[in-house]
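Please take a moment with the sequence and the structure shown below, and keep both in view while you read the paragraphs after them.

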Amino acid sequence: GPLQSLAMATKPHSKNVATTRVAMIAIKVLILPFLVHAIGRHLRAHLGIQLEDEAGATTGGANATQVTSSPQNTFAAESLAGKALELAARSLAPPSQSTLALLREESDWKNNLILGLCLPPSVDFESWPRFMKSWARNFVAGLSLYLIVGGLWAAVCYGPLKKAFYGNTPTPSGVDMAKQIWVSLQAMPLYTALPAV
């Protein structure tokens with residue numbers, strides 16, 4: 001009857017839903033950064049703001065991005081809306097070359113620390129592309145954090161402190177926890193790849 005047709009109408013097709021979700025994630029990951037930079041460029045052009053790299057000026061080793069406003073926009077820069085737009089333009093501005101160099105140096109240090117401790121010396125991870133090194137570092141660190149913190153939580157809260165925290169309320173069984181760990185491990189590669197993007 002009508003309830004059955006309503007259930008059929010609201011029941012999602014799992015393949016279509018999964019495809020749509022993957023497409024939305026891809027759009028967010030691939031298009032959103034370009035959109036943010038385009039908005040930043042538009043705001044800077046609207047306010048007459050030039051970054052150090054765009055102006056060709058050097059900062060003499062300063063790490064911060066230098067921003068200068070043109071004199072024709074003094075009214076816009078002095079108003080509250082103008083200040084908000086200038087702040088947005090600064091926050092959406094691409095980093096300077098000196099900032100990028102510091103970020104690369106920090107990333108290399110983290111990669112060497114984590115991967116150097118976890119991989120055998122025979123693995124030459126230095127020759128890997130930076131994205132692969134960062135993803136492998138995030139994967140190892142994220143997996144370790146998840147398993148160690150989750151394991152300690154389960155051991156302490158479901159063990160000796162079970163009565164103090166949960167009383168007579170039932171807690172997850174070992175099988176239930178193993179299923180949750182399995183689901184989380186399947187998602188871990190994507191979770192740890194997003195920060196490397």
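What follows is a walk through two helices, the salt bridges and the aromatic pairs.

Before starting, note that this is a predicted model. A good place to begin is helix α6, which covers residues 97–118. With 22 residues at 1.5 Å a residue, α6 should span 32 Å, and since its end C-alpha atoms are 31 Å apart, the expected span and the model agree. Which residues of α6 are buried? They are Ser107, Asn111 and Leu115. Looking down the axis of α6, you would find these buried residues within an arc of 40°, and therefore they line one face of the helix. On the face of α6 that is turned away from this buried side sit the exposed residues Glu105, Trp109 and Leu117. As for what covers the buried residues of α6, helix α7 is included in that cover.

This leads to helix α7, which runs over residues 130–157. Its 28 residues, again taken at 1.5 Å each, should span 40 Å, and the end C-alpha atoms of α7 are 39 Å apart, which agrees with that expectation. The buried residues in α7 are Lys133, Ser134, Ala136, Arg137, Asn138 and Cys157, and they pack against α6, against α8 (162–166) and against α9 (174–193).

The next topic is charge. How many salt bridges does a search of the whole structure find? It finds two. One of them joins lysine 110 to glutamate 106, with the closest N and O atoms 3.2 Å apart. Lysine 110 and glutamate 106 both belong to helix α6 and are four residues apart, which is about one turn of the helix. Lysine 110 has a relative accessibility of 32% and therefore counts as partly exposed, and glutamate 106, with a relative accessible area of 39%, is partly exposed as well.

In the other salt bridge, the side chains of aspartate 108 and arginine 130 meet at 2.7 Å, N to O. This pair links distant parts of the chain, because aspartate 108 lies in helix α6 and arginine 130 in helix α7, 22 residues apart. Aspartate 108 is partly exposed, its relative accessible area being 26%, and arginine 130 also counts as partly exposed, at 36% relative accessibility.

Aromatic rings are the last topic. A pair of aromatic rings is described by the distance of the centres and the angle of the planes. In the whole structure, a search finds four aromatic pairs. Among them is the pair of phenylalanine 125 and tryptophan 128, which is edge-to-face, with 6.5 Å from centre to centre and 70° between the planes. Is phenylalanine 125 buried or exposed? Its relative accessible area is 11%, so phenylalanine 125 is buried, whereas tryptophan 128, at 30% relative accessibility, counts as partly exposed.

Tyrosine 158 and tyrosine 166 form a pair whose ring centres are 5.6 Å apart and whose planes stand at 40°, so this pair is tilted. Tyrosine 158 counts as partly exposed at 22% relative accessibility, and tyrosine 166 is partly exposed too, with a relative accessible area of 24%. Ring pairs also bring in Phe165, and in this way Tyr158, Phe165 and Tyr166 are linked into a cluster.

Conventions
Residues are numbered from 1 along each chain as its sequence is written. This is a predicted model: local features need pLDDT of at least 70, side-chain atom pairs count only at pLDDT 80 or more; totals for chains, interfaces and linings use all residues. Side-chain values use heavy atoms; hydrogens and water are left out. Helices (H or I, at least four residues) and strands (E, at least two) are DSSP runs, numbered from the N terminus. The expected span of a helix is 1.5 Å times one less than its number of residues. Buried means under 20% relative accessible area, exposed over 50%, partly exposed in between (1.4 Å probe, protein chains only). Contact means heavy atoms within 4.5 Å. Rings of Phe, Tyr and Trp (its six-membered ring) pair if their centres lie within 6.5 Å; planes under 30 degrees apart count as stacked, over 60 as edge-to-face and the rest as tilted. The arc is that of the directions from the helix axis to the C-beta atoms. A salt bridge is a side-chain nitrogen of Lys or Arg within 4 Å of a carboxyl oxygen of Asp or Glu.
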